[in-house]
Amino acid sequence: MVHLPNVIKEKARAVRLVVFDVDGVLTDGTLVYAADGEQVKHFNVKDGVGIKLLNTYDILTAVISAKESAALSRRVKDLGIQHFFPACKDKWAALSQLLDELMISTEEVCFVGDDVIDLKVMKKIGLSIAPKDAFWMVKDHADLITESEGGRGVAREVADIILGSRMPLEEAYIKAMLPEFENVKQ
């Protein structure tokens, strides 16, 4: 993991909820249609590990997407993402309602987005992150730009940033993924 400025580490330490856009963040943004017209999406297994890792440490996760598809619904369910807003045209309205329900402040939110529809949210929350290949305007407003491109491990990198701000990453992975090795000295 890249060395992060202290201000980013402080923002990451405060995060209680991580919200992901989908196309361009959890996928590379490519839309593929099957012969029957159903949308096919490609997701990265590394991102799944990152999201599950966040959930293991009681960091809530959400997906807010402008699009809706059976593939996305399945992925959200498989990963145990607690809050899902498909076909959402006003991401800020959906997030505001969720924050009220969860009693979480905007400073305790990390939002990961890649295009102009995400800017309204990114300007109002504690930590905004954009993938390396996000639209230039979004990158200009992001607190942090990942080393990964959309669909290539962005969520895993975000999980590493947030957990790495709280503990050594090796410790986070061992406790969460390999509990039988928790007491082994390194």
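Trainee: Leaving aside neighbours within four places in sequence, which residues is I125 in contact with?
Mentor: The model is a predicted one. In it, I125 is found in the loop between helix 5 (119–122) and strand 7 (127–130). Setting aside its neighbours within four places in sequence, the residues in contact with I125 are W92, L95, T106, V109 and F111.

Trainee: Is I125 buried or exposed?
Mentor: Buried means under 20% relative accessible area. The relative accessible area of I125 is 7%. I125 is therefore buried.

Trainee: What separates the C-alpha atoms of I125 and V109?
Mentor: V109 is among the residues that I125 contacts. Along the chain, I125 and V109 are 16 residues apart. The separation of their C-alpha atoms is 5.8 Å.

Trainee: How many salt bridges does a search of the whole structure find?
Mentor: A salt bridge here needs a side-chain nitrogen of Lys or Arg within 4 Å of a carboxyl oxygen of Asp or Glu. The number found in the whole structure is 8.

Trainee: Which residue forms a salt bridge with K11?
Mentor: The closest N and O atoms of this pair are 3.2 Å apart. K11 sits in helix 1 (residues 6–13), and its partner sits in the loop between helix 6 (136–141) and strand 8 (144–145), 132 residues apart. K11 is partly exposed at 27% relative accessible area, and the partner is also listed as partly exposed, at 31%. That partner is D143.

Trainee: Where do K41 and D23 lie, and how many residues apart in sequence are the parts they tie together?
Mentor: K41 and D23 form a salt bridge with the closest N and O atoms 2.7 Å apart. K41 is in the loop between strand 3 (39–40) and helix 2 (45–56), while D23 is in the loop between strand 1 (17–20) and strand 2 (32–33). The pair therefore ties together parts whose separation in sequence, in residues, is 18.

Trainee: Is K41 buried or exposed, and what does D23 count as?
Mentor: The cut-off for buried is under 20% relative accessible area. K41 has 10%, so K41 is buried. D23 has 14% relative accessibility, so D23 also counts as buried.

Trainee: How many residues apart in sequence are the parts that D28 and R152 tie together?
Mentor: The side chains of D28 and R152 meet in a salt bridge of 3.8 Å, N to O. D28 lies in the loop between strand 1 and strand 2, and R152 lies in the loop between strand 8 and helix 7 (154–164). The parts tied together are therefore separated in sequence by a number of residues equal to 124.

Trainee: Is R152 buried or exposed?
Mentor: Its partner D28 is partly exposed, with a relative accessible area of 33%. For R152 the relative accessible area is 51%, and exposed means over 50%. R152 is therefore exposed.

Trainee: What radius of gyration does the chain have?
Mentor: The chain has 186 residues, and a compact globule with that number would have a radius of gyration near 16 Å. The value for the chain agrees with this: 16 Å.

Trainee: What share of the residues of the chain count as buried?
Mentor: The chain holds 8 helices and 8 strands. It exposes about 9400 Å², of which carbon and sulfur atoms supply 52%. Of its 186 residues, the share that count as buried is 47%.

Note on methods. Residues numbered from 1 in each chain as written. Predicted model: local features only at pLDDT ≥ 70, side-chain atom pairs only at ≥ 80, totals over all residues. Heavy atoms only, no water. Helix = DSSP H or I, 4+ residues; strand = E, 2+ residues; numbered from the N terminus. Rg over C-alpha atoms; globule rule 2.2 N^0.38 Å. Buried < 20%, exposed > 50% of the residue type's maximum accessible area, 1.4 Å probe, protein only. Areas by Shrake-Rupley, 256 points an atom, 1.4 Å probe, with all protein chains shown as cover. Contact = heavy atoms within 4.5 Å.
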